[in-house]
Amino acid sequence: MKVLVYGQKNEYEECALLLSALPVLQYRRMEFYHAEDYDTFIEMLPEMEDEDPVVILTDGAEGMEGVLAAKRQSGDLTVFWFSNDKGFGVQSHRLECTFFAVKPLTEEKVRAAIEAYQKERIG
């Protein structure tokens, strides 16, 4: 599974550690990719398959633009959106994100994102 994380390096590292530590993903081969800026993110999006999670960690309108770009790439793309603004929760639902939560990242939130992913992909 490829995981593309759009956000600052420290948040990317935290996200990768949290995902890698989840028992449910223990035997999955995961490749993490990081985009710290929008242009790099846009360049990396075509490499993602619908089942490969895209994690948006960028705050504010820039994070929303990341979600919009991912969904333009493919409406079926798996998007986890973590924002500093709970007001984007309504937008995440409208844009059919797999998961939305308000920062900070925690083990519980990352686990909930994977559970939503499994429910969406497996049924």
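A residue counts as buried when its relative accessible area is under 20%, and by that criterion 46% of the 123 residues of the chain are buried. The model on screen is a predicted one, and the tour below moves from the whole chain to single side chains.

**The whole chain**

Begin with the complete chain in a cartoon view, where five helices and five strands make up the secondary structure. Followed from the N terminus, these elements run in the order β-α-β-α-β-α-β-α-β-α. If you switch to the C-alpha atoms alone, they fill a box of roughly 35 × 30 × 30 Å along the principal axes. The radius of gyration is 13 Å, which agrees with the value near 14 Å that a compact globule of 123 residues would have.

**Strand β2 and A35**

Next select A35, which belongs to strand β2. Is this residue buried or exposed? A35 is buried, because its relative accessible area of 0% falls under the 20% limit. With A35 still highlighted, add L22 to the selection and draw a distance between the two C-alpha atoms: they are separated by 23 Å, although the residues stand 13 apart along the chain.

**From E36 to the negative patch**

Select E36, which is located in the loop between β2 (31-35) and α2. Its relative accessibility is 49%, so E36 is classed as partly exposed. Now extend the selection to D37, D39, E43, E62 and E65, which together with E36 form a negative surface patch. Helices α2 (38-44) and α3 (60-73) are the elements that each contribute two or more residues to this patch, and colouring these two helices separately will help to follow how the patch is assembled.

**The salt bridges**

Side chains of opposite charge can pair when their charged atoms come close. How many salt bridges does the structure hold? There are six, and the next stops visit several of them.

Start with helix α1 (residues 9-21) and select K9 and E13, which both lie in this helix, four residues apart, or about one turn. Their side chains form a salt bridge in which the closest N and O atoms are 4.0 Å apart. K9 is partly exposed at a relative accessible area of 48%, and E13 is likewise partly exposed, with a value of 39%.

Move on to helix α5 (residues 107-122), where R111 and E107 are again four residues apart, about one turn of the helix. Here the side chains meet in a salt bridge with an N to O distance of 2.7 Å. R111 has a relative accessible area of 32% and is partly exposed, while E107, at 39%, is partly exposed as well.

Then select E120 and R121, whose salt bridge has its closest N and O atoms 3.7 Å apart. E120 is partly exposed, with a relative accessible area of 40%, and R121 is partly exposed too, with 34%. As the last stop, select E11, D59 and K103 together, since salt bridges that share partners join these three residues into one network.

Definitions and conventions: Residues are numbered from 1 along each chain as its sequence is written. This is a predicted model: local features need pLDDT of at least 70, side-chain atom pairs count only at pLDDT 80 or more; totals for chains, interfaces and linings use all residues. Side-chain values use heavy atoms; hydrogens and water are left out. Buried means under 20% relative accessible area, exposed over 50%, partly exposed in between (1.4 Å probe, protein chains only). Patches are made of residues with over 30% relative accessible area and no salt bridge: like charges are joined within 9 Å, nonpolar side chains (Val, Leu, Ile, Met, Phe, Trp, Tyr) within 5 Å. Accessible areas come from the Shrake-Rupley method with a 1.4 Å probe; for residues, only the protein chains shown count as cover. Lys and Arg count as positive and Asp and Glu as negative; His and the chain ends are not counted. The place of a charge is taken as NZ of Lys, CZ of Arg, CG of Asp or CD of Glu. The radius of gyration is taken over C-alpha atoms; the globule rule is 2.2 Å times the number of residues to the power 0.38.
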